[in-house]
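Please open the model in your viewer and keep the sequence panel beside it, so that residues can be selected by number as the tour goes on.

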Amino acid sequence: LDYNAASGVYTAKVSGDTLLVLSPDDGGKVVFGYQRWVPGVVEFYPKAQTVRERGDVEEYDYLYTISVRRTGGVSGSASAEIYLVDDEKKSTRPADAYVWNDEGRLFSWKEGDDGVQTATVKIKADTHADGTAKLTFGLRKAEGDEDSAAAVSEDEFVLTIIDEDDADSG
């Protein structure tokens, strides 16, 4: 049995996915209720994307937005951290060709919240042909966050970057 002193609400997980709730109403009486415990999942959305090295305009550097969502339920809090997969077979873009400052960025949702949150990676275009490349990102439970109720998807997000330079363009 858990008690929230600020709201005066008692909650208890009774079995499987059912939560009992005792809460005061405006008249001071105690109201008994229950809810299904459905914490949902945190995942990339979409799971993959292909972009041009120079983006949709002829600018050289641009930001690409990676979306992470909580879906399928909102019981309890949820959190996850994003990271760049450190595997040369999965991330083939040279380190000087992108800027990734969101390593370990924490996505978090309160009880009752769902929706999309984002991180960004800067794609640095160049004028030499270096071939199509990809960056692979993963999600993991936030370190030290034992209260996170939602599952974190093990699916990875793959950003494929198409090189637009000719082999002889320098």
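The tour below goes from a sheet to its salt bridges, then to a loop and finally to a patch on the surface.

Before selecting anything, bear in mind that this is a predicted model.

**The sheet**

Begin by colouring the strands S6, S14, S12, S8 and S10, which in that order make up an open sheet of five strands with mixed pairing. At its edges you will find strand S6, covering residues 48–52, and strand S10, covering 106–109, each of which pairs on one side only. If you look along the sheet, neighbouring strands are turned against each other by 20° on average, with direction ignored.

Next, select strand S8, residues 78–84, together with S10: these two run antiparallel and are joined by four bridges. One place to zoom in is Glu81, whose bridge partner in S10 is Leu106.

**A salt bridge across two strands**

Stay with Glu81 and show its side chain, which meets the side chain of Arg140 in a salt bridge with an N to O distance of 3.4 Å. Because Glu81 belongs to strand S8 and Arg140 to strand S12 (residues 133–140), this pair ties together parts that lie 59 residues apart in sequence. Are the two partners buried or partly exposed? Glu81 has a relative accessible area of 16% and is buried, whereas Arg140, at 35%, counts as partly exposed.

**The network around Lys47**

The structure holds five salt bridges, and the next selection shows how some of them connect: Glu43, Lys47, Arg69 and Asp155 are joined into one network by salt bridges that share partners. Centre the view on Lys47, which is partly exposed with a relative accessible area of 30%. Its side chain meets that of Glu43 in a salt bridge of 3.4 Å, N to O, and Glu43 counts as buried at 13% relative accessibility.

Now turn from Glu43 to Asp155, with which Lys47 forms a further salt bridge, the closest N and O atoms being 3.7 Å apart. This pair links distant parts of the chain, since Lys47 sits in the loop between strand S5 (41–44) and S6, while Asp155 sits in the loop between strand S13 (151–152) and strand S14 (157–162), 108 residues apart. Asp155 itself counts as partly exposed, at 39% relative accessibility.

**The loop before S14**

Without moving far along the sequence, select Ser153, which is found in the loop between S13 and S14. The side chain of Ser153 reaches the backbone nitrogen of Asp155 at 3.1 Å. Ser153 counts as buried, at 11% relative accessibility.

**A nonpolar patch**

For the last stop, switch on the surface and select Leu1, Tyr3, Tyr10, Leu22, Val30 and Phe32, which form a nonpolar patch with about 680 Å² of accessible area together. Where in the chain does Phe32 lie? Phe32 belongs to strand S4, which spans residues 30–36. Why does Phe32 count as exposed? Its relative accessibility is 55%, and exposed means over 50%.

Key
Residues numbered from 1 in each chain as written. Predicted model: local features only at pLDDT ≥ 70, side-chain atom pairs only at ≥ 80, totals over all residues. Heavy atoms only, no water. Pairing = 2+ DSSP bridges. Axes fitted to C-alpha atoms, helices over the stretch in contact; angles between N-to-C directions. Patch = residues over 30% accessible without salt bridge, like charges linked within 9 Å, V, L, I, M, F, W, Y side chains within 5 Å. Areas by Shrake-Rupley, 256 points an atom, 1.4 Å probe, with all protein chains shown as cover. Salt bridge = Lys/Arg side-chain N within 4 Å of Asp/Glu carboxyl O. Buried < 20%, exposed > 50% of the residue type's maximum accessible area, 1.4 Å probe, protein only. Polar contact = N/O pair within 3.5 Å; in protein donor to acceptor, adjacent residues only side chain to side chain.
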